[in-house]
Amino acid sequence: MGREYQWLLSVSLVLSLAACGGGGSSSAANPASAPESGSNTETDTSNNSGEQVLLHSSRGGHAWAEFCDGKPDNSPLLPHTSRQGRADRSRPRSARDRAYV
Amino acid sequence: MFSGQTTEYANFTDPTSISGSGSLFTITADAYNNLWQTWTGYIAAPQLPARPANYDYLISQRYGSALPLERNPYPLPGEDPNQTNGGSGQLPVAFTQLREADGNWTGQIGVKLCSFCHDGQLSTASAGQQAPVFGGAGTIGDFTVAFRDFAAAGLSPTFGILGGPLTIAPNRGTGAIDQFQIGFLVFNGGNPEEFTNDKILFSQAIGNIKSPPWWNMGHRVQKFHGAVLPMDSSRIDMAAYYPLAINDDPVAWVDEASYPFQIWAESLKAPAYPGPVNQSLAEQGAILFHNKNLWAASLNNPVPQPDELGNGSCASCHGVYSPRYANDPSFLADPRMAGIAANLVSMDVIRTDSVYADAQQSLRNADGSPNVGIEYNPFLECGIGDFGDTPNNESVMLAPPLFGTWASAPYFHNASVPNLWGVLDPNNERPNIWLRQSTPAPEGMEGRVVMGFDTDINRAYDHEKMGWKYTELDCVSGFPATQPLLNCNPIDPSLPSLQDVLGAIYTEVALLWNLPIDELASIPLVDQQIEARKVYNTNIYSQGNQGHDFTVVLTDAERRAIIEYLKTL
């Protein structure tokens, strides 16, 4: 089995087994916090003219915590839609990770 | 702390209990109720001293740990905790009363050490709110003082060692939070040869740092200020609870506990800025933050241009936040990368105090290979972070995400700059020696009790400069807290003091930093010394306030706009 198929199989297994109940799923806001919205991917951040706004913040947190917040433990996770940005493990670590400025 | 047991504890008055698996860092509720008897300012007053009516509040202030909104009970004098649902006293968030497996209360109080450095408090006293903030807004705790009190009231030698004779945190709010050398020695995987490892013994002390906020954990790829570990190295989160006493498999306990903890910590959100925001000014700031090239030719930036500049803006290092830019492919390949900050920055560019970053590199061998100790250390199962992969052992720091920046003062990794204006203006608001404002003492207790840093955002927060209000101290007039000659030069602040000699020693033999050589004024023996721990002296080893000086090219108008924008993150 080629490496590509092994990877696809791994992703499929993860998606079929994993769910929101894996390790505690509720996002926790600090008492003083009042997040104006959820994750960047789920929030309409455009203005009336359709242009993306300048001011918006997710206030940190974690994408999975936001996705799972309020969902039952057996909720299926989102399918992996993009391999963009996935590290090329065949390259030396120093070449693929370093991002000096 | 240092125990996986939440039910067992060692009692130093009963030697047979010490060889068991319980924690060595607990005290009885009786001792806790008598802590006030060790407060030198309180018991020296002319009034007949008695347990203060506002005892829980005073403890919260003295140790810098917030009182939680939920019950965190302990039994008051004369109370049976199992007849009073734990008791009617309220512990601060850094402490907890241990319970048996069947739910019975033990009346024994343990320490949640992480909380002292990582949890904070933001309050509006006028509104009667004093809410703890979990995982951030910290830099207020002083566990050294708490341990000093616990040692005295509970006759505990373990608390006593960490309550002054062995320096871990020399100041209120900061400390050697991730001191690598002690980590290698304590968590050596049963390999005593670590105690003769010359890369441990003759390496550089990391000195004093603050804890980065946990609400950024989901947006940074590596842990700690200096890219020390991959973010998914959850074991390290349990380091302060690693069971030192049990003979079972302590790593198994760590694995069971650390993953749920990290999931929780990653889910935390930064608190929203509570004041009004000038939307128009903030929008101007957002444009500057994401677009202004600090190295544009016309600006003649005195800091050498980085090799990989990006667009030269704040966002190049700290990440992209505005939806307008996060959805622009010329900024991010995928908008889901918004808020991710992953740039490893050379110290030649950032130029902040380099002790922490240099200390990390001192653990590497000359050929760049890591210290052999990583093979024994169970916390390094996922490998080390990118600090261990720099060419020629170059020192680096990881640029942090900026969520909740408004609640993260003082700034830089060592908390050396009290407000964000100083971060953006290297020629101003960089006080040499400074003192953060304290909470006013309750009426009638002025001068008798140690109060914590004031976290009232109406009273103690500078909303224009974004940070906590402070008073600058002079080396001479600030005596004894400033320790002239030892920690500052009374003739000219720019001239050396004995601290420079000590710094040279700490650079070569890390563990000497843990001796209280230069903390004569702040070893917590009496209340005056505890007050001195609030003074931040940038002349002390690792506490320099220099750097980030490429921002010198900003105008004041631009600084105001960027600060207004950061209030929205």
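**Exercise 1. Determine how the strands β16, β13 and β17 of chain B are arranged, and which of them stand at the edges.**

Solution.

Step 1. In this predicted model, the strands of chain B in the order β16-β13-β17 form an open sheet of three strands, and their pairing is antiparallel.

Step 2. The edges are taken by β16 (470-472) and β17 (535-537) of chain B; each has a single partner strand, so one side of each is left without a neighbour in the sheet.

Step 3. Neighbouring strands of this sheet are turned against each other by 25° on average, with direction ignored.

Step 4. The contact between β13 (residues 433-436) of chain B and β17(B) consists of three bridges in the antiparallel sense. Within this contact, B:W434 has B:Y536 of β17(B) as its bridge partner.

**Exercise 2. Describe the sheet that contains β1, β5 and β4 of chain B, and identify the residue pairs that face each other across it.**

Solution.

Step 1. The order of this open sheet is β1-β5-β4 (chain B), again with antiparallel pairing.

Step 2. Since β1 and β4 of chain B stand at the edges with a single partner strand each, one side of each is left without a neighbour in the sheet. The twist from one strand to the next averages 40°.

Step 3. Strand β1 (residues 26-28) of chain B is joined to β5(B) by three bridges, in the antiparallel sense. Here B:T28 is found opposite B:Q108 of β5(B).

Step 4. Between β4 (residues 95-99) of chain B and β5(B), which run antiparallel, there are four bridges. B:Q97 stands opposite B:I109 in β5(B), and B:R99 has B:W105 as its bridge partner.

Step 5. The hairpin of β4(B) and β5(B) has five residues between the strands, and B:G103 takes a positive phi near 95° there.

**Exercise 3. Decide whether the faces of strand β5 of chain B are covered or open, and name the residues on each side.**

Solution.

Step 1. A residue counts as buried when its relative accessible area is under 20%. By this criterion, seven of the seven residues of β5 (residues 105-111) of chain B are buried.

Step 2. In a regular strand, side chains alternate between the two faces of the sheet.

Step 3. On one side of β5(B) are B:W105, B:G107, B:I109 and B:V111, and on the other are B:T106, B:Q108 and B:G110. As these are all buried, both faces of β5(B) are covered.

**Exercise 4. Establish which residues of helix α16 of chain B are buried, and how they are placed around the axis.**

Solution.

Step 1. In α16 (residues 498-508) of chain B, the buried residues are B:Q499, B:L502, B:G503 and B:Y506.

Step 2. Their arc around the axis is only 105°, which puts them on the same side of α16(B).

**Exercise 5. Count the cavities of 30 Å³ or more, and characterise the largest and the second largest.**

Solution.

Step 1. Rolling a probe the size of a water molecule over the atoms shows where empty space is left. The count comes to nine cavities of 30 Å³ or more.

Step 2. The largest cavity holds about 790 Å³ of space. Its lining has 43 residues, and the closest to its centre are B:H318, B:P400, B:L402, B:F412 and B:H548.

Step 3. Elements of chain B that each supply at least two residues of this lining are α11 (314-318), α13 (347-350), β12 (396-398), α15 (420-424) and α18 (556-566). The most comes from α11(B), with four residues.

Step 4. Sorted by class, the lining of the largest cavity contains 28 nonpolar, twelve polar and three charged residues.

Step 5. The second largest cavity holds about 170 Å³ of space. Among its 18 lining residues, B:N171, B:N487, B:E519, B:S522 and B:I540 lie nearest its centre. This lining divides into eight nonpolar, eight polar and two charged residues.

**Exercise 6. Summarise the secondary structure and burial of chain A.**

Solution.

Step 1. Chain A contains three helices and one strand. Read from the N terminus on, its elements follow the pattern α-β-α-α.

Step 2. Of the 101 residues in chain A, 27% are buried.

Note on methods: Residues are numbered from 1 along each chain as its sequence is written. Chains are lettered from A and ligands numbered from 1 in the order in which they are written. This is a predicted model: local features need pLDDT of at least 70, side-chain atom pairs count only at pLDDT 80 or more; totals for chains, interfaces and linings use all residues. Side-chain values use heavy atoms; hydrogens and water are left out. Buried means under 20% relative accessible area, exposed over 50%, partly exposed in between (1.4 Å probe, protein chains only). The arc is that of the directions from the helix axis to the C-beta atoms. On a 1 Å grid over the protein atoms alone, a cavity is a set of points where a 1.4 Å probe fits but cannot get out, and a pocket is an open set with protein on both sides within 12 Å along at least five of seven lines; lining residues have an atom within 4 Å of a point. Grid points are joined across faces, edges and corners, and a volume is the space filled by probe spheres set on the points. Ala, Val, Leu, Ile, Met, Phe, Trp, Tyr, Cys and Pro count as nonpolar, Asp, Glu, Lys and Arg as charged, and the others, Gly among them, as polar. Two strands pair if DSSP finds at least two bridges between them. Axes are lines fitted to C-alpha atoms, for helices over the stretch in contact, and angles run from 0 to 180 degrees between N-to-C directions.
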